[in-house]
Structures are given as C-alpha cells and as structure tokens.
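Me: I am new to reading protein models and would like a close look at a single part. Could you take me through one helix slowly, and then through what surrounds the topic?

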Amino acid sequence: MLESFIWIALELTVLFVVISFVLSLLQSFIPYEKVEDYLRTRSKWKAGLFAIVFAFITPFCSCSTIPVVVNMLRNKVPFGLTMVFLFSSPLLDPTILTVMGVILGWQTTVIYTLVTAVFSLVLGFTLERLGFEKYVKPVMVKGYHSGKKKWDVKRALRETGQMMKSVFPFLIIGAAIGAGIHGLVPASFIAENFGHQAWWLIPLAALLGIPLYIRLSSMIPISQVLLLKGMALGPIMALLISSAGASLPEVVLLKSIFHIKLVAVFVLSVLTMATLSGLIFYFI
C-alpha cells in the first residue's frame with residue numbers, strides 16, 4: 001500500500017507540475033481574447049463541441065485535468081465550457097478509445113463516445129444555467145493578465161509554484177486515500193459481487209467506481225476480465241465512467257478550486273452520467 005501511495009503521489013505531482021508549467025508557458029502565445037470572441041460569436045452548442053474536441057486532443061486522467069481547468073478559469077473561458085471539458089477530458093482519451101474498440105468492440109466504443117460527449121455537454125451547460133459558477137473559489141481566477149505576453153520561464157515557474165502551494169496538500173491527501181482504497185478493494189471483489197444481470201447493479205457500480213481510483217487505462221483490461229467472468233456491460237460502463245470521471249483523488253483536488261457545494265454537485269453529476277450510461281448499455 002505504501003508503494004502504491006508513493007507511485008500515485010509521485011505520478012500526480014509530476015503530472016501536475018509539468019502540465020501547469022507547460023500551460024503557463026503556452027498561454028503566453030494563446031490569443032485568449034480571440035478564442036473568447038470566437039466562442040461568443042458561436043452558438044453555445046457549437047462552442048461546446050469545440051470544448052469536446054479540445055478534451056479529446058488533451059488525453060489527461062481526471063487528476064491531471066485540474067491544472068488545465070484552473071488555467072481555463074483564469075483566462076475567463078466561460079464556466080459552462082470549462083465544465084464540459086472537465087467532464088469529458090478524462091473519459092475521451094483517443095488512445096484508450098482505440099484499445100476499448102479492440103477489446104470491447106467498436107460498436108460499444110462508438111456508443112460510449114457519443115453518450116459521454118452528450119452527457120458532458122448537457123451537464124456542463126446545466127450547471128452554468130443553474131448559476132454554479134459562483135462556487136468557484138476566487139483565488140483560482142486571480143493573477144489573470146490581459147494584453148501581449150512574452151515567453152517568460154521565470155513567470156511560468158512562479159505561477160506553477162503558487163498553484164502547487166494551494167493544491168499540493170490536497171494532492172497528497174487524495175493520493176493517500178486513493179492508494180489505500182485501491183489496495184483494499186481488489187478487482188476479484190467486483191467480479192464476485194457484480195457478476196450477474198440486474199439493473200440495480202448499475203447505480204451500485206457507479207457508486208463503487210469513485211473510491212476505487214481505477215484509471216481508464218487500467219479499467220479497460222479489467223472490463224475485459226469482468227466480461228469474461230459474466231458481468232453485464234451496463235454495470236461495467238457505470239463503473240468505468242465513475243472511476244475515470246470522478247476518482248477520489250480528483251474530488252479532493254477539486255476542493256482546492258471549488259467550494260464544497262460545487263464539488264458535491266460535480267460528483268453527483270458524474271454518478272448520474274455513469275448510471276444513465278450504464279442503463280443505456282443495459283437496454284440496448
């Protein structure tokens with residue numbers, strides 16, 4: 001368990017630092033004002049599709065998505081589009097979708113992609129419509145500077161350090177919780193307790209997925225084993241989406257940028273997406 005904690009903490013720390021630093025450098029050359037103008041002149045759903053495409057080409061796990069979300073908020077990307085990205089990015093990894101197609105079949109993969117994309121759009125814009133933007137912590141949108149920027153490594157390092165100061169304690173706590181539960185709940189437990197057809201297994205699988213901290217890359221081969229053991233595709237998809245879309249370490253990290261009410265609604269939204277997606281696979 002200690003070894004698992006060390007590797008998870010090290011992996012998350014490296015990913016967070018590297019992604020935050022690279023984004024801080026790149027944002028000097030990204031014309032955010034033009035991007036914002038582009039988004040404002042397009043319909044909400046066209047802009048949402050743009051966010052889905054952006055999520056597709058940034059294949060991050062749920063935890064390493066957080067620094068991207070922080071930078072989107074700092075650069076005043078609309079809240080709804082930011083949430084669309086947050087919901088979809090860890091679920092729409094092109095490499096993993098290819099593996100999924102080979103292992104679970106291309107029909108399953110296409111349906112999975114469409115379902116997760118549609119739910120991400122609906123959930124992201126619904127949270128914006130309901131006014132949840134007010135639950136973003138103000139500290140995460142400070143330090144935004146408009147106007148022309150230049151390549152500044154020192155500034156990027158400084159911003160990365162400032163971000164890590166506020167996020168690192170949550171990262172370590174999340175890694176510890178994730179490693180502990182990951183080691184205590186083996187895949188055999190899932191197969192033994194969810195290895196038969198029943199619709200009510202789908203919401204249970206969705207609930208079980210969040211504390212398991214199973215990354216999408218790990219969940220695909222596990223899904224193949226569970227299918228071979230007789231587990232229905234509906235609960236598997238619910239487990240896959242909830243574990244990849246709202247892992248416990250990610251939820252802890254989100255507490256550093258969102259107030260608890262928005263964190264809770266985010267988790268509930270992922271559970272809803274996982275459950276409804278699982279039911280779709282159950283009935284088709």
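Reply: A residue is called buried when its relative accessible area is under 20%, exposed when that area is over 50%, and partly exposed in between. With that in hand, and keeping in mind that this is a predicted model, we can turn to helix 3, whose buried residues are Ala47, Gly48, Ala51, Ile52 and Ala55. These residues cover an arc of only 150° around the axis, which puts them on the same side of helix 3. The general background is that an α-helix has 3.6 residues a turn, so residues three or four places apart point the same way.

The length of the helix can be checked as well: helix 3 takes in residues 44-56, and at 1.5 Å a residue its 13 residues should span 18 Å, which agrees with the 18 Å between its end C-alpha atoms. An unreviewed UniProt entry annotates several stretches as "transmembrane region", including residues 47-70.

Lysine 44 also deserves attention, since the charged end of lysine 44 sits over the ring of phenylalanine 125, 5.4 Å from the ring's centre.

Rings can also meet other rings, and the structure holds 5 aromatic pairs. One of them joins phenylalanine 132 and tyrosine 135, whose ring centres are 5.6 Å apart and whose planes stand at 45°, so the pair is tilted. Phenylalanine 132 counts as buried at 10% relative accessibility, and tyrosine 135 counts as buried at 18%.

Definitions and conventions: Residues are numbered from 1 along each chain as its sequence is written. This is a predicted model: local features need pLDDT of at least 70, side-chain atom pairs count only at pLDDT 80 or more; totals for chains, interfaces and linings use all residues. Side-chain values use heavy atoms; hydrogens and water are left out. UniProt positions are given in the numbering used here, feature names are shortened, and annotations may be inferred rather than shown by experiment. Helices (H or I, at least four residues) and strands (E, at least two) are DSSP runs, numbered from the N terminus. The expected span of a helix is 1.5 Å times one less than its number of residues. Buried means under 20% relative accessible area, exposed over 50%, partly exposed in between (1.4 Å probe, protein chains only). The arc is that of the directions from the helix axis to the C-beta atoms. Rings of Phe, Tyr and Trp (its six-membered ring) pair if their centres lie within 6.5 Å; planes under 30 degrees apart count as stacked, over 60 as edge-to-face and the rest as tilted. A charge sits over a ring if NZ of Lys or CZ of Arg is within 6 Å of the ring centre and within 35 degrees of the ring normal.
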